[in-house]
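Me: Got a model I'd like to go through with you. Mind if I throw some quick questions at you?
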Amino acid sequence: MRKRRMLPLLLTCLTVCLLVCLSARALAAEGLPPTSVPVIHGLDVSAWQREVDWHQVSASGVEIAMLRASEGSSVVDARFEANWTGAKAAGLSVGFYHFLTAATVPEAEAQADFFLSVIGDRVPDCLLAVDVGSASSLPDETLTQVTLAFLRRVETRSGYRAMLYTDAWAARARFGSALAAYPLWVADYGVPEPEANGKWDAWVGFQYGDRGDIPGITGRVDLDYFTREIYQSAAPTPAPTPCPSPTPAPVTERELLCLLLPEDMTVPALSETLNVPEDTLRTLNILPGDTALAGQLIRYPGPSAATGAFAGLHVLQPFEDIATIARRYGVTPASLRALNGLQGEPSRLGQVLKVPALGDHEATVPAWVTENAVMARRGDTLSALAARFGMTADTLSTINGLTPDAPLYAGQVLRLTPFGSGSTGGFRGGYVVQRGDTLDRIARRFGVSESRLFCLNNIARRNLIFPGMLLLIPSR
């Protein structure tokens, strides 16, 4: 009798095991596609490859190099600086990765800070990556949380977008679905495409081999395919088509200030208003024809190199003065003047002012905010703005991480600087707070969590936002 009662249970267990195996095989058979085509040839290297002749690597058809920057909490890759210098000199697009060894969330955050300190002021062309293999002894849930903490810290502190590198088995069996919010660079050897995992819909990186033979590299090297989504600012298909972009002017000893134009202005009139030569304005900004367009953020050299930590940006509104702005943000007028290199009152409506930090509160603002951007007005569309600046709607939407039919909101700040110009897309864009806005309403409008918006903008106190505050909108 006991054997008879056990038989149905045994059959049930066997059926469940069979279904699990069949399901895993079905995922593997299905395969994981790329996020876009055509794919781009790349490789990843570390000190194990020793000295690399990057010009030979480039001549072989490789376009992207992912470099190991660091490992754990104290190891800097011995060839990192040489690889960075050589790969960039050879014209390759370069990204960085960190080998994660953390066992706790605080350790992961500390390693993220170490990784960013090693990168320093180098500007990555590609997504920053965390290398997490399947050999970790951490429980699956802990491994997921530790990896999430690293990725979030990297994006929050740097403004650059990040991705996960791991093998196909770990992607399927070890990591939680929460990590699918980040792009996947996956290793799976000897197959035409990596196995599906039930979490990610596609890959941005596919490491298809670890025994590559590439001219310029002694010994074997990892080989990769990448899609255009690997870039910090995604390249248009099939290849980037740069729009006119500015060349840095010889004014680096003076801080570049920023002015939001309330209306169209001729370049000569703008030159006279700002007391800046026309050639300098044209060098620093995208100026179609002889007119600077309403809503454009115009860069110009300031009177001095103002220094100090700052907590955010404010666009000067009508009837505002230094005292008014200082009271709103809880800082002193003197600190506001000193940070912005002002002797008296800001006289230009739309001038972008830095707001001093409160205590240890400090913000990192991506370069595009003070480079080339335009603020959407009520009724603007992507296609209309693109036409004004001589580009296609597809290019403008790609630069800003939007779909071509995405709605625009009054106060939304869009980058004009195209792929390949050195600007990065860690943030989707910006938004100038309007009268009646709340942090919650802005978060819902752009489809991000209130906590991410709060954290990425280093807002000192919740709901401490005012009309004119320029908020950065994080990538989804």
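Me: Is Cys126 buried or exposed?
Reply: Cys126 is buried, with a relative accessible area of 0%. Buried means under 20% relative accessible area, exposed over 50% and partly exposed in between (1.4 Å probe, protein chains only). Keep in mind that this is a predicted model: local features need pLDDT of at least 70, side-chain atom pairs count only at pLDDT 80 or more, and totals for chains, interfaces and linings use all residues. Residues are numbered from 1 along each chain as its sequence is written, and side-chain values use heavy atoms, with hydrogens and water left out.

Me: And what about Cys258, buried or exposed?
Reply: Cys258 is buried, at 2% relative accessible area.

Me: How many disulfides turn up in the whole structure?
Reply: Zero, where a disulfide is a pair of cysteine sulfur atoms within 2.5 Å.

Me: OK, switching to strands. Why is E19 largely enclosed by the rest of the structure?
Reply: Because six of the six residues in strand E19 (residues 469-474) are buried. Strands (E, at least two residues) are DSSP runs, numbered from the N terminus.

Me: Which residues sit on each side of it?
Reply: Met469, Leu471 and Ile473 are on one side of E19, with Leu470, Leu472 and Pro474 on the other.

Me: Which way do E14 and E19 run?
Reply: Antiparallel: two bridges join E14 (residues 310-315) to E19. Strands pair if DSSP finds at least two bridges between them.

Me: Which residue in E19 is the bridge partner of Leu313?
Reply: Leu470 is the partner of Leu313 there.

Key
Helices (H or I, at least four residues) and strands (E, at least two) are DSSP runs, numbered from the N terminus.
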